[in-house]
Amino acid sequence: MNNRMKVTFTRVATAGIVISSFLVAFSSGSSSAASTPKKTIEFIQTQTGIPYYNPLIHGFKTESAKLGLKLIVTGPSNGTASSQITYIQQAIVRHVNGIAIQPDSSTAPLPALRQAKKAGIKIVETNVDSLPQSVRVAGVTALDYSLVAPSQLAELGKLMNYTGDFAILSASSTSVFQNQVVTAMQSLLKTDPKYANMTLVKVAYGDDVSATSATQTAALLTEFPNLKAITSPTTVGLAAAAQAVESANMGGKIIVTGLGEPIEMKKFILDKTVTEYQLWDPANMGIVSAFVLAKSMSGKSFAPGTRFQVPGSGLGTLKVAKDGNIPCQPGLTTFNLQNVNKYNF
């Protein structure tokens with residue numbers, strides 16, 4: 001081998017070593033980056049097994065995947081004031097980065113949530129607006145829930161021609177959202193003259209269990225023979241009430257309305273047991289909640305007055321209200337025979 005060939009060989013060999021070293025370093029770096037743990041968020045439901053939460057959870061999953069977050073979905077099988085405390089404590093032990101929660105009580109979970117915040121966990125309230133701003137980053141609701149009661153009562157009044165006896169079939173007696181709606185409806189009945197000839201005869205509680213809600217509906221039909229309507233501001237209750245009325249062969253005789261899901265309520269619209277009902281798209285809250293948690297974990301503030309957009313959501317510009325709440329849509333959607341086939345949740 002002559003000197004020129006030796007030099008060339010040495011350069012090639014050296015270059016090969018450098019390239020090999022670079023590839024090893026690159027591979028090692030990539031492996032290290034890939035092994036970096038994802039930030040984890042946890043959604044704690046009031047109660048598992050309720051169909052209403054399926055699109056909301058789907059929204060969480062979709063946005064979490066887009067943002068590279070690990071999502072855990074938990075919650076008790078029975079919703080009571082204290083049933084979520086254990087799940088909050090478990091989330092603290094798991095060292096999650098963020099918690100989204102729909103509290104079944106505005107007070108019972110507060111000590112555990114304050115403990116979570118002290119541990120550095122960001123907290124977003126989802127689907128209800130009840131926690132103090134000092135505990136949460138923000139509240140994410142379908143809309144301004146103060147609009148629900150007047151909208152629901154106006155819908156009921158229209159269907160009843162503003163006269164007659166009616167009952168409310170609620171969820172549990174401790175449910176924050178349900179109590180807000182029922183109390184506001186009772187107040188409107190007393191203060192708005194257009195409802196002067198409508199009488200609320202009873203508020204029944206079905207505990208967001210289909211069988212219990214159906215039993216409560218049957219009891220209402222027996223207890224109040226002059227009952228003209230039942231309104232249920234809970235999706236489980238509305239579907240159960242419609243089924244109970246249909247089973248009693250009173251479809252078309254008893255007005256049934258409230259808050260319901262298009263898929264569950266479609267058959268009752270088609271057979272005319274139910275004429276109209278209302279709701280919103282729950283998936284929006286999962287999308288916005290996951291986004292707000294992700295951004296807050298990166299240091300972004302969602303102070304009242306903040307405007308922002310969730311890329312790809314189609315929700316437009318959202319605004320944090322004075323109470324720290326973020327409504328996802330401007331008002332309730334009314335479902336009837338004309339549009340029930342357009343929705344798939």
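This briefing covers the confidence, the two sheets with their packed helices, and the pockets of the structure above. The model is a predicted one, with a chain average pLDDT of 90 and with 90% of the residues scoring at least 70. Its strands include an open sheet of six, paired in parallel, and an open sheet of four, also with parallel pairing. The largest pocket holds about 380 Å³ of space, and the second largest has a volume of about 180 Å³.

**Confidence**

- Over residues 1-35 the pLDDT stays under 50, and for this stretch the model has one contact beyond four places in sequence.

**The six-stranded sheet**

- The strands of this open sheet follow the order β2-β1-β3-β4-β5-β13, and their pairing is parallel.
- Strands β2 (70-74) and β13 (325-327) stand at the edges with a single partner strand each, so that one side of each is left without a neighbour in the sheet.
- Neighbouring strands of this sheet are turned against each other by 20° on average, when direction is ignored.
- Within the sheet, strand β1 (residues 40-44) pairs with strand β3 (residues 98-101) in the parallel sense over four bridges, and Ile 44 has Ile 101 of β3 as its bridge partner.
- Helix α2 (residues 53-67) lies across β1, β2, β3 and β4 (122-126), and the helix runs at about 175° to β1.
- Helix α10 (residues 283-297) also packs on this sheet, where it touches β1, β3, β4, β5 (138-141) and β13, and its direction makes about 165° with that of β4.

**The four-stranded sheet**

- Here the strand order is β7-β6-β8-β9, in an open sheet with parallel pairing.
- The edge strands are β7 (198-205) and β9 (255-258), each of which pairs on one side only.
- From one strand to the next, the twist of this sheet averages 25°.
- Strand β6 (residues 164-170) runs parallel to β7 and is joined to it by seven bridges, and the bridge partner of Ile 168 in β7 is Val 203.
- Helix α7 (residues 210-223) packs on the sheet and touches β6, β7 and β8 (227-232), with a direction that makes about 145° with that of β7.
- Helix α8 (residues 235-247) lies across β6, β8 and β9, and runs at about 170° to β9.

**The pockets**

- The largest pocket, with about 380 Å³ of space, is lined by 28 residues, of which Tyr 53, Ala 171, Ser 175, Asp 208 and Thr 234 are the closest to its centre.
- Helix α6 (residues 176-191) supplies the largest share of this lining, which amounts to three residues.
- Sorted by class, the lining of the largest pocket comprises 14 nonpolar, eleven polar and three charged residues.
- The second largest pocket, at about 180 Å³, has 15 lining residues, and those closest to its centre are Lys 117, Gln 133, Val 135, Arg 136 and Val 137.
- The lining of the second largest pocket divides into eight nonpolar, four polar and three charged residues.

Notes. Residues are numbered from 1 along each chain as its sequence is written. This is a predicted model: local features need pLDDT of at least 70, side-chain atom pairs count only at pLDDT 80 or more; totals for chains, interfaces and linings use all residues. Side-chain values use heavy atoms; hydrogens and water are left out. pLDDT is the predictor's confidence in each residue, from 0 to 100. Contact means heavy atoms within 4.5 Å. On a 1 Å grid over the protein atoms alone, a cavity is a set of points where a 1.4 Å probe fits but cannot get out, and a pocket is an open set with protein on both sides within 12 Å along at least five of seven lines; lining residues have an atom within 4 Å of a point. Grid points are joined across faces, edges and corners, and a volume is the space filled by probe spheres set on the points. Helices (H or I, at least four residues) and strands (E, at least two) are DSSP runs, numbered from the N terminus. Ala, Val, Leu, Ile, Met, Phe, Trp, Tyr, Cys and Pro count as nonpolar, Asp, Glu, Lys and Arg as charged, and the others, Gly among them, as polar. Two strands pair if DSSP finds at least two bridges between them. Axes are lines fitted to C-alpha atoms, for helices over the stretch in contact, and angles run from 0 to 180 degrees between N-to-C directions.
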